Amino acid sequence: MFAAAFEYHRPKTLAEAVKLLGSVKGARLLAGGHSLLPAMKLRLASPAALIDISRIAELSGIKATNDGLQIGAMTTHAAIAESDVVKKHCPVLAQTAEIIGDQQVRNRGTIGGSVAHADPAADYPTIMLLLGAKFTAANGKERQIEADKFFVDLFTTSLKQGELLTSIMIPAMSSAASAVYRKHRHPASAFAVVGVGVLLEVKQGKCADVRIAIGGATVTAVRARAAEELLTGQAPTVENIARASKEVGKALDSPISDSYASGDFRIHLATVMTRRALTDLAGAAR
Amino acid sequence: MKDPEKPLEAHESDNEKRAEVSRRDFLGTSVVLTAGACVAPILFNKSALASEGAVPGGPISSAVDVTLRVNGTAHALKLEPRVTLLDALREEMQLAGTKKGCDHGQCGACTVLVDGRRTLSCLTLAVMHDGDEITTIEGLAGSDELHPMQAAFIERDAFQCGYCTPGQIMSAVALLREPCGASDDDVRECMSGNICRCGAYPNIVAAVQDVRRSKTT
Ligand SMILES: Cc1cc2nc3c(=O)[nH]c(=O)nc-3n(C[C@H](O)[C@H](O)[C@H](O)COP(=O)(O)OP(=O)(O)OC[C@H]3O[C@@H](n4cnc5c(N)ncnc54)[C@H](O)[C@@H]3O)c2cc1C
Ligand code: FES
Ligand code: FES
């Protein structure tokens, strides 16, 4: 099976890539190719040209800054999973990267490609929403996009035509907070049937910061605000956590339903997985 | 209000909501149904992935020069950019040891090493690897000696039909240099990208563990 014919460009610098993206008709960026190439083989996408950004050194790498982690768009899932810097500053991100697909997929797939593709069953979008990531887009000039403005719809982000995602900033977490990502993975593909990211900070016996992000259940990942609000200011007891977790479904409008999992089952999974994740984090905080 | 924590059967009556399945629901459905790589065409019409320009089956793009370094030998080729590394190996270099199972990244039969990292050759273009060091199953053995992983697969009878085997072995060789845990379960997880239709898994795990143990002693 092969894709429709296309022109191939491999720029060496970001400036060159941006220029090509703006000038070559029908051009699309090629990162790891692990979402785009399967789509092209099925002729679901047939761009006239591909701009391979995999050799642009300035687009990959991980840096710890005062504000948080700065991650280049072309950084592979494997590099994030194995990075000591990520494990130290944002363990939940390394833990998420480690369970994307399989090792072969992690060796090629990139964080930029994953978030730009915005697959509802992908893992990173949930974590980006949980941690309040900021995306830097470039098309000659730069702009920053907040995670909650980035994921717009099914396979749709707020990146504009001609814009290239260059890096992602993950704000530093409070040292008293902890976070975890849980996924009910599809047994064949490993994609998230439901993925739950939870962050909890307990201060003087009360939940000071509660964040719950759910992916896989709806067209884009969402924050479960009602559940977060119910637990904030409360003690992280088994009862309070159970009560809050029951509110998770309120955030899941028109849940995705398929032969593997009905919408109701996805809500059920999100609820139970949230309760368990919060219980574990609360147990560790005690 | 629906109680998500009550048993699932109890939700049957809540299902009216689903009667009005919107287009979006349907789209979401197809995505997750085929999750792993494929998506319904209609998705791409509305999505950021929608195609512009190319006519499927349209004019063939011109071939470009690519040098692939495979098993230590440089091959100067002229390839269309759309040729995958897998097809280049099998069709252009007659290295048919690397197998095509699904051609969509899901089975691992096409696994090769690119600069030492295991890679699905069906999901990467040959042109992307100009100058990279590629190792295939044909390049593992010494002149008259099998790679220890090949020997272990034979010793443990870690295959039946053998179709998945080159991919399994390439994956297992890469695994030796990865931070994979010590248990059999860890090996199963680390080998999860390679599917075996014949179900030779227990023997595959045993073969991988034999080689890992012999390396640490
Ligand atoms: C078998 C299999 C299993 C998988 N399992 C999982 C899983 O469990 N969880 C998961 O989250 N994902 C999974 N994936 C998807 C995988 O993580 C993809 O690699 C990822 O979604 C896309 O990244 P990529 O680098 O391959 O992007 P590509 O496929 O190269 O690109 C995807 C899209 O993003 C655009 N794009 C890429 N980079 C940029 C950029 N810098 N700026 C703007 N646009 C850009 C491209 O133009 C394209 O439209 C799986 C994939 C496969 C094949
Ligand atoms: S042929 Fe490449 S993964 Fe199946
Ligand atoms: S031995 Fe037949 S598919 Fe694995």
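Into which domains is chain A divided? I began with this, keeping in mind that the model is a predicted one, and I noted domain 1 as residues 7–52, domain 2 as residues 57–171 and domain 3 as residues 179–285. I then looked up how far apart domain 1 and domain 3 of chain A lie, and their centres, taken over C-alpha atoms, are separated by 36 Å.

Next I turned to helix H1 of chain A, which covers residues 14–23, and found its buried residues to be A:Ala17, A:Val18 and A:Leu21. Viewed down the axis of H1(A), these buried residues fall within an arc of 100°, so they line one face of the helix. I recalled here that an α-helix has 3.6 residues a turn, so residues three or four places apart point the same way. For the packing partners of the buried residues of H1(A), I noted strands E2 (27–30), E3 (49–52), E6 (134–138) and E10 (164–171) of chain A.

My last entry concerns ligand 1, which I found lying between chains A and B. Around ligand 1 there are 35 residues, of which A:Gly32, A:His34, A:Gly101, A:Gly109 and A:Gly113 come nearest. The elements that give two or more residues to this shell are E2, helix H7 (111–117) and E10 of chain A, and H7(A) gives the most, with 5 residues. Sorting the shell around ligand 1 by class, I noted 17 nonpolar, 15 polar and 3 charged residues. I also marked that strands E2 and E10 of chain A appear in both lists, as packing partners of the buried residues of H1(A) and as contributors to the shell around ligand 1.

Terms used:
Residues numbered from 1 in each chain as written. Chains lettered and ligands numbered in written order. Predicted model: local features only at pLDDT ≥ 70, side-chain atom pairs only at ≥ 80, totals over all residues. Buried ≥ 20, exposed ≤ 12 C-beta atoms within 10 Å, placed from the backbone. Helix = DSSP H or I, 4+ residues; strand = E, 2+ residues; numbered from the N terminus. Arc of directions from axis to C-beta. Contact = placed C-beta atoms within 7 Å. Domains from an automatic or database assignment. Near = placed C-beta within 6 Å. Nonpolar A, V, L, I, M, F, W, Y, C, P; charged D, E, K, R; others polar.
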